[in-house]
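Trainee: Please take me slowly through a single part of this model, beginning with one side chain and its partner, and then set that part among its surroundings.

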Amino acid sequence: MSGDPQVGEVLTGEVTALTDYGLFFHTGRERVLVLLPDLCWERISLPSDSFEVGDVVEARLVHVGPEGELRASIRDLSPDPFLHPAPYRPGDITQGTTQRALDYGTFVRLRPGVTGLLSGVQLASGKEVQVEILEVDEGRRTLSLRLLES
């Protein structure tokens, strides 16, 4: 890398620290922060769910601060699973795995990075289910689902 890093540039480095809010990696010249939402398309609670110190990562630089601090996104280098492969449409029938039940419904993982909600249905985690897509909100990245079999 020659000169100062530029937003949009792809950086490669080794993970040097994991925190509750993200991870740091070092390119050999620069220390770079990747915040939790920029790690991957999947929802994870902690960076240690998917990364370890010593892992080599690639990330797109998304911010250069006034003091030269760098922030990047690993997620930006992979296609959005909500849109690729082809996005879900109302009426589509698909399989998924229940993840967690809350008072208002159960979340179902349809593929890595894509989760929908079965409103008003409480199912145990880890159950394979067949669902129909009722509504897709691409802006909010949400799917409303209907249970077809339990």
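**A loop arginine and its surroundings**

Mentor: Arg-141 is partly exposed, with a relative accessible area of 28%, where buried means under 20%, exposed over 50% and partly exposed in between, using a 1.4 Å probe and protein chains only. Please keep in mind that this is a predicted model, in which local features need pLDDT of at least 70 and side-chain atom pairs count only at pLDDT 80 or more, while totals for chains, interfaces and linings use all residues. Residues are numbered from 1 along each chain as its sequence is written, and side-chain values rest on heavy atoms, with hydrogens and water left out.

Arg-141 belongs to the loop between strand S9 (128-137) and strand S10 (142-149); strands here are DSSP runs of E with at least two residues, numbered from the N terminus. Its backbone deserves attention, since Arg-141 has a positive phi of about 60 degrees although it is not a glycine. Most residues other than glycine have a negative phi.

The side chain of Arg-141 meets that of Asp-80 in a salt bridge, at 2.6 Å from N to O, the term requiring a side-chain nitrogen of Lys or Arg within 4 Å of a carboxyl oxygen of Asp or Glu. Because Asp-80 lies in the loop between strand S5 (70-73) and strand S6 (93-102), whereas Arg-141 is in the loop between S9 and S10, the pair ties together parts that are 61 residues apart in sequence. Asp-80 is buried, with a relative accessible area of 16%.

The two strands that flank the loop of Arg-141 are linked by a salt bridge as well, for Glu-132 pairs with Arg-146, their closest N and O atoms being 2.5 Å apart. Glu-132 is in strand S9 and Arg-146 in strand S10, 14 residues apart, and the pair links distant parts of the chain. Glu-132 counts as buried at 17% relative accessibility, whereas Arg-146 is partly exposed at 40%. The structure holds 5 salt bridges, and the two described here are among them.

S9 and S10 are also members of a closed barrel of 5 strands that runs S6-S7-S8-S10-S9 with mixed pairing, where two strands pair if DSSP finds at least two bridges between them. Within this barrel, strand S7 (residues 105-111) and strand S8 (residues 114-119) run antiparallel and are joined by 6 bridges, and Arg-109 stands opposite Thr-115 in S8.

One further feature involves Phe-107, a residue of S7 by its numbering. A search of the whole structure finds 2 aromatic pairs, a term for rings of Phe, Tyr and Trp (its six-membered ring) with centres within 6.5 Å, called stacked with planes under 30 degrees apart, edge-to-face over 60 and tilted for the rest. One of them joins Tyr-21 and Phe-24 edge-to-face, 6.4 Å from centre to centre with 90 degrees between the planes. Tyr-104 and Phe-107 likewise form an edge-to-face pair, with 6.2 Å between the centres and 90 degrees between the planes. Tyr-104 counts as partly exposed at 46% relative accessibility, while Phe-107 is buried at 14%.

Note on methods: Helix = DSSP H or I, 4+ residues; strand = E, 2+ residues; numbered from the N terminus.
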